[in-house]
Structures are given as structure tokens and as C-alpha cells.
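Please open the structure in your viewer and keep the sequence panel visible. The tour below proposes a series of selections and states what may be found at each.

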Amino acid sequence: CILAELVLGKPMFTGKTEMDQLQLIFDLLGTPTPETWDGFQDLKHLRTGLVTIENQRRPKLRDKYQSKMSGPALNLVEKLLELDPQKRLTASRALNSRYFLSDPKAPDRPEDLGPLLVAGGHFHEFQTKKKRREAKQAAEVTRQAALEVGKTDKEAQAEFDAAYREIMEKVAKEGLNAGPKVEKRDMDKHAVGEPEDKARRDKSERKRSSRDKERDSRRERKTSRDVRKDEKRREGRDRDRDRSTRRKSETEDGEKRRKRRREDEAAASRVKAESQRDVVAT
């Protein structure tokens, strides 16, 4: 996923929790099946019911990103994101991928790459994140001003995009110190200062939190029910196995008793025959 983020310029999976991240992975890569991942049903969380797969989903990685990645890059990402660890590409095998053999090729020595610079200093992810945030804030001021003069949402969004693009192009040319500084009073006025907007956001957050709690509660109840069902199924299998073992043992014991009875009858018949011969001879 790091390779995909480098190619795309943004994270591929943006889950906030482990379960959220797992859902995003299944949405993009599809849910595992016995055919695609042998033995995945034996994983602890699946076996205990902590994780459940309710609906089968098909892979969407290639459909979603084939227009945004080159063929070799997409093939490599697809193999590196293979769900089955036995099929997943190792780092040493990945180095032989066609992606690394296609132009532009990386130099043999890392130092030949040279420093990544923009005018005014080194290019650092932390600094660029801050600059993108400032550019969005400045562009948002432009968008709100357009709405205030009666422009449509579409026109205001177009002005937002143009302002953001202009600022980031200026930063790329002139360095990280370029670009307008957003005054706090402007942001208070246009972005977060409107009481009704804040009230709507708070209400939306409360609804979302309530839905999340309810969903988590349903998931916990379902997990508990599934665990109890699994325990009952295991107990049933154990009873059936014990019953089968007892039946088999009883059958074997019966066969042994019948065999001994036949042997005793045959011995008695021999003794009787010998006694009759002795009487006749006498």
C-alpha cells in the first residue's frame, strides 16, 4: 500500500480503526474464499466469530486504478496486496518486477538520485501537508466569498479549485514560504464562525456517533450469538464423535463375543465327536 500511495499521491486505505481498515481492504481487494486463500477459515478471529464476513465482494482494485497507474505498477501493487500470504509477492521477488525494469529506471546508486528540492528549502511531507492545509483554507475563503455574492455552488467550487491550484503552483515554483497567509478572523468568518454551521456539524457528529454505537452494539450481539452457535456446533460434533466411538466399540466387542462363542461351540463339537468314536470303538 506504500507503493500505491507513492504512485497515487494519497493513501489507498484510510480506515480509522482496525475493523474499518479491514472493511476497506475487503471492499477493494474482495473477500477471501477457500479458493483464493486456503485455510483462511482457521484464522483465530474468524474461528471465534470476532470477525465475520457477511457478504462476498469481488475485487475492484484493477477497475478502480487501471486508469491511474501504469500496467506494470498496477500488476506489482496487485501482487503485493495479495490476501493469501503464501501467494503474496516477497520483497526480493518484487525487485524483479517489470515495474522496476521499465523507464524511467532508478539509478544503481541511491546517491545518484540527488536531493529533492524546491526553491526555498527541502521538500518535506510535514511541511507540504501544512502548506496544503493553508491553501485549502485560503481557497475556502474564496469559495465562501463567491457564495456571498450570489454565485452557485458549482461556480463557487470552481473558484475554490482555481484558488487552491494557483497557490500550490506558486509554492512549487517559489518554495514553501510562498502563498498567502490566512488571517484567523477570515477563517472565523467564513469557515468555522457561523453558529448555525457549527450547530449543524455538532448535530451531524452526534447522529454519526449514535449510529456508530448502535452498529458496534449490533456487531457485538451478533458476535456473541455466533460464538454461542459455534460452541453448540462443537459440542454437537463432540457428542456425535463420542456416540460413534461407543457404537464402534460395542460392535467390536459383539464381534469378539460371537467369535469366542463359535470357537467354544466348535470345540464342544470336537469333544462330542471324539467321545462317540471312543464308545463305538469300545
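Helices (H or I, at least four residues) and strands (E, at least two) are taken as DSSP runs and numbered from the N terminus. The model is a predicted one, in which local features need pLDDT of at least 70 and side-chain atom pairs count only at pLDDT 80 or more, while totals for chains, interfaces and linings use all residues. Residue numbers start from 1 along each chain as its sequence is written, and side-chain values use heavy atoms, with hydrogens and water left out.

**First stop: the nonpolar core**

Begin by selecting Met12, Leu28, Leu61, Tyr65, Met69 and Val77. Of the 19 residues in the largest nonpolar core, these six touch the most other members. Such a core is a set of buried Ala, Val, Leu, Ile, Met, Phe, Trp, Tyr and Cys residues joined through side-chain atoms within 4.5 Å. Here buried means under 20% relative accessible area, exposed means over 50%, and partly exposed lies in between (1.4 Å probe, protein chains only).

Next, colour helix H1 (2-8), helix H2 (18-29), helix H4 (61-65) and helix H5 (71-80), the elements that each give two or more residues to this core. The most comes from H5, with four residues.

Now centre the view on Met69. Apart from its neighbours within four places in sequence, Met69 is in contact with Ala4, Val7, Leu8, Met12, Leu74 and Val77; contact means heavy atoms within 4.5 Å.

**Second stop: Asp84**

Move to the loop between H5 and helix H6 (91-94), where Asp84 is found. Which side chain of opposite charge is nearest to Asp84? It is Lys87, 4.4 Å away, and Asp84 is buried yet has no salt bridge. A salt bridge requires a side-chain nitrogen of Lys or Arg within 4 Å of a carboxyl oxygen of Asp or Glu. For charge, Lys and Arg count as positive and Asp and Glu as negative, whereas His and the chain ends are not counted. Add Thr36, Trp37 and Asp38 to the selection: Asp84 is in contact with these three, neighbours within four places in sequence being left aside.

**Third stop: helix H9**

Select residues 153-174, the 22 residues of helix H9. At 1.5 Å a residue they should span 32 Å, and the end C-alpha atoms are 31 Å apart, which agrees. The expected span is 1.5 Å times one less than the number of residues.

Within H9, show the side chains of Ala156, Phe160, Ala163, Ile167 and Val171, which are buried. These residues lie on the same side of H9 because they cover an arc of only 70° around the axis, the arc being that of the directions from the helix axis to the C-beta atoms. Turn the helix over to see the face away from its buried side, which carries the exposed residues Lys154, Glu166, Ala172 and Lys173.

**Last stop: salt bridges**

A search of the whole structure finds eight salt bridges. Select Arg143 and Glu140, a pair whose closest N and O atoms are 3.2 Å apart. They are three residues apart in helix H8 (residues 125-148), and therefore separated by about one helical turn. Arg143 is buried, with a relative accessible area of 19%, and Glu140 also counts as buried, at 19%.

Finish in helix H11 (residues 195-281), where Arg241 and Asp238 are three residues apart. Their side chains meet in a salt bridge (2.4 Å, N to O). Arg241 is partly exposed at 48%, and Asp238 is partly exposed at 34%. Asp240 and Arg243 form a salt bridge (2.9 Å, N to O), and being three residues apart in H11, they are separated by about one helical turn.
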